[in-house]
Amino acid sequence: MKNKINKTKKAIYTTLAVVFWLVLWQIAAIMYGMDFILPSPMKTFAVLLENISMSSFWTSVFFSISRILVGFLVSAALGIFLAVIGIKLKIVRILFDPFCSVMRAVPVASFIIFVLILFSSENVSLVIAFLMGFPLVYSTVSGGVDSASEKLLEASHIFRLGFLKELRYIYFPHLLPHITSALSVSVGLCFKSGIAAEVIGYPVGSVGAQMYIAKLGMNMPTLLSYTVVVVIISTLCEKLIAFLCKILPKMREVKAK
């Protein structure tokens with residue numbers, strides 16, 4: 001009952017916050033007085049409805065989202081795999097810990113320019129999404145490995161559980177919150193950096209290219225409509241990750257019974 005009340009309060013507060021910012025946006029648009037530079041929420045929504053009825057709009061969205069998601073999924077899988085393998089193979093930690101520290105410090109623009117020199121612009125968002133997501137996932141999960149209970153690990157060594165059982169009964173429950181956090185943060189970062197890469201690289205038929213064209217034409221409603229769709233998809237991906245990570249332990253418990 002208490003949880004239900006808290007969820008209701010949270011939903012109300014979230015709605016009020018959204019309304020507040022929309023009203024503020026509307027006031028700013030009225031004061032500015034130029035729709036093509038700062039459109040009102042209603043103008044942006046009208047353009048969004050117009051765009052989502054066009055097949056070319058969704059073609060651009062699919063072009064970008066599919067590549068960014070592939071880059072994210074590869075970065076997530078490889079980051080988790082190497083962090084887990086690093087438990088036994090210390091050479092992995094020796095090689096990838098400093099590598100990921102450097103990767104996190106390098107500006108995104110430098111990566112984008114470097115990737116555009118080495119690869120075609122068509123897949124720049126995929127490569128950038130991977131390069132942005134991998135260091136974050138690997139470092140977060142590795143940090144979770146380091147904070148695992150030493151007493152439980154000592155007990156597993158005494159009873160000779162073996163590495164696979166250690167993973168299942170000690171590391172998996174402990175690492176799940178770290179993995180959830182890493183994936184939730186990295187998916188948003190992958191979307192932002194991937195779209196930024198497309199704006200710079202200008203792959204034909206991408207969301208980034210459409211945003212760049214809208215910028216050249218001072219067409220802010222169109223730019224914002226693409227932005228809204230990307231934000232919604234990114235948010236849905238974050239929610240999906242949180243949901244999957246929440247039900248995994250429950251599925252594991254049911255399977256164990």
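**Reading an all-α pattern**

Me: Along the sequence, the pattern of the protein chain is α-α-α-α-α-α-α-α-α-α. How many helices and how many strands does the protein chain have?
Reply: The protein chain has 10 helices and zero strands. The model is a predicted one.

Me: What box do the C-alpha atoms of the protein chain fill?
Reply: Taken along the principal axes, the box is roughly 75 × 55 × 30 Å. Of the 257 residues in the chain, 36% count as buried. Among contacts with a separation of 6 or more, 74% come from residues 24 or more positions apart.

Me: Why is R93 called buried?
Reply: The relative accessible area of R93 is 16%. Buried means under 20%, so R93 is buried.

Me: Where is R93 found, and which residues does R93 touch beyond four places in sequence?
Reply: R93 is in helix α4, residues 90-105. Outside that sequence window, R93 touches G86, P98, Y138, S142, V145 and D146.

Me: What makes the pair R93 and D146 a polar contact?
Reply: The side chains of R93 and D146 are joined at 2.9 Å. The limit for a pair of N or O atoms is 3.5 Å, and the contact of R93 with D146 is within it.

Me: Why are α3 and α6 called roughly parallel?
Reply: Helix α3 (residues 55-85) and helix α6 (residues 124-146) pack at an angle of about 30°. Angles under 35 degrees count as roughly parallel, therefore α3 and α6 are roughly parallel to each other. The axes of α3 and α6 are 7 Å apart, and the crossing is right-handed.

Me: How do the residues in the contact of α3 with α6 divide by class?
Reply: They divide into 17 nonpolar, seven polar and one charged.

Me: What makes α5 and α8 oblique to each other?
Reply: The axes of helix α5 (residues 108-118) and helix α8 (residues 163-201) cross at roughly 55°. That angle is not under 35 degrees, not over 145 and not in the range 65 to 115. What remains is the oblique class, so α5 is oblique to α8. The axes of α5 and α8 come within 10 Å, and α5 passes α8 in a right-handed crossing.

Me: Which residues of α5 and α8 meet?
Reply: From α5 there are V108, I112 and L116; from α8 there are S193, A196, A197, I200 and G201. By class, this contact of α5 with α8 has six nonpolar, two polar and no charged residues.

Me: How do you know that S193 and G201 are the polar residues in the contact of α5 with α8?
Reply: Ala, Val, Leu and Ile count as nonpolar, and Gly is among those that count as polar. S193 and G201 of α8 therefore go to the polar class.

Me: Why is A196 called partly exposed?
Reply: A196, in helix α8, has a relative accessibility of 31%. Partly exposed lies between 20% and 50%, so A196 counts as partly exposed. The C-alpha atoms of A196 and K9, 187 residues apart along the chain, are separated by 36 Å.

Me: What makes α5 and α6 oblique to each other?
Reply: α5 and α6 pack at an angle of about 135°, with axes 10 Å apart. The roughly perpendicular range ends at 115, and roughly antiparallel needs an angle over 145. The angle for α5 and α6 falls between those limits, so α5 and α6 are oblique. The crossing of α5 and α6 is right-handed.

Me: Which residues of α5 and α6 meet?
Reply: V108, F111, I112, V115 and L116 in α5 meet V124, V127, I128, L131 and M132 in α6. The contact of α5 with α6 has 10 nonpolar, no polar and no charged residues.

Me: Why is M218 called partly exposed?
Reply: M218 has a relative accessible area of 45%. The exposed class starts over 50% and the buried class is under 20%, so M218 is partly exposed. M218 is in the loop between α9 (207-216) and α10 (220-256). Apart from neighbours within four places in sequence, M218 is in contact with F36 and I37. M218 and D35 are 183 residues apart in sequence and 9.9 Å apart, C-alpha to C-alpha.

Me: What is to be noted about the phi of M218 and the phi of Y202?
Reply: Most residues other than glycine have a negative phi. Phi of M218 is near 55°, a positive value. Phi of Y202 is likewise positive, near 55°. Neither M218 nor Y202 is a glycine.

Me: Why is Y202 called partly exposed?
Reply: Y202, in the loop between α8 and α9, has a relative accessible area of 35%. The value is between 20% and 50%, so Y202 is partly exposed.

Methods
Residues numbered from 1 in each chain as written. Predicted model: local features only at pLDDT ≥ 70, side-chain atom pairs only at ≥ 80, totals over all residues. Heavy atoms only, no water. Helix = DSSP H or I, 4+ residues; strand = E, 2+ residues; numbered from the N terminus. Buried < 20%, exposed > 50% of the residue type's maximum accessible area, 1.4 Å probe, protein only. Polar contact = N/O pair within 3.5 Å; in protein donor to acceptor, adjacent residues only side chain to side chain. Contact = heavy atoms within 4.5 Å. Axes fitted to C-alpha atoms, helices over the stretch in contact; angles between N-to-C directions. Left-handed = near helix turned anticlockwise from the far one by under 90°.
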